[in-house]
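Work through the three exercises below. Try each task before reading its solution.

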Amino acid sequence: MKEFNLESLNEKDKIVDFEQLKQIDNLKTKVLKYALYKKRTENEIREKFADEDNNLLDDVIENLKEQNYINDTVYIEKSIQEYKALKSLSIKEVSYKLLQKGIKKSLVDDYIYKHKEDMLEYEIQSAMNILRKKIFKMELEDAKNYLYKKGYMSESINIAIDELENEGNGNNE
């Protein structure tokens, strides 16, 4: 953001610069309220305030990023924690949901790569949850195809089936 030396400005320049400061402050307030109401991605903010002056918006977003009010990496972490707590999704579905929010593919891929083991464990658990519900309504092969279509990896599906079979065998003994 631009620094102002008010002593070196004439009256007309002071008025213009104060007006610009006022615009920046108003935009910053609106963006901050929007970002604090619910965690938002940079892209969501850019879409919401697309009608605003791009240079002002860039300055405001950069300022809020520096203050950590806008952070796509934190958004990814919080979203994945929420998905894990509330939903049964494949890694591919998680990735797709984050990409829909306008997060850069490289950030999503990096997060998934760095948390590969945890994400695989989540995908297997999600597959098991879905299989528990679907297995009574459809054939095993149909349930497997359902999971394939939702983006589950073959390995995750097979591990989930094996674990469910082991649960079933453990209960019968």
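**Exercise 1.** Which helix does Leu140 lie in? Place Leu140 first, then examine its surface.

*Solution.* This is a predicted model: local features need pLDDT of at least 70, side-chain atom pairs count only at pLDDT 80 or more, and totals for chains, interfaces and linings use all residues. Residues are numbered from 1 along each chain as its sequence is written, and side-chain values use heavy atoms, without hydrogens and water.

Step 1. Leu140 lies in helix 8 (residues 140-149). Helices are DSSP runs of H or I, at least four residues, numbered from the N terminus.

Step 2. Leu140 has 35% relative accessibility, so it counts as partly exposed. The classes are buried (under 20% relative accessible area), exposed (over 50%) and partly exposed (in between), with a 1.4 Å probe and protein chains only.

**Exercise 2.** Is Glu44 buried or exposed? Locate it and list its contacts.

*Solution.* Step 1. Glu44 is part of helix 2 (residues 42-48).

Step 2. Its relative accessibility is 12%, so Glu44 counts as buried.

Step 3. Set aside neighbours within four places in sequence. Glu44 then contacts Tyr34, Lys39, Tyr75 and Lys101. Contact means heavy atoms within 4.5 Å.

Step 4. Compare sequence with space. Glu44 and Gln100 are 56 residues apart in sequence, and their C-alpha atoms are 9.9 Å apart.

**Exercise 3.** Where does Asn68 lie? Check its backbone and exposure too.

*Solution.* Step 1. Asn68 sits in the loop between helix 3 (54-66) and helix 4 (72-86).

Step 2. Asn68 is not a glycine, yet its phi is positive, about 70 degrees.

Step 3. With 43% relative accessibility, Asn68 counts as partly exposed.

Methods:
Helices (H or I, at least four residues) and strands (E, at least two) are DSSP runs, numbered from the N terminus.
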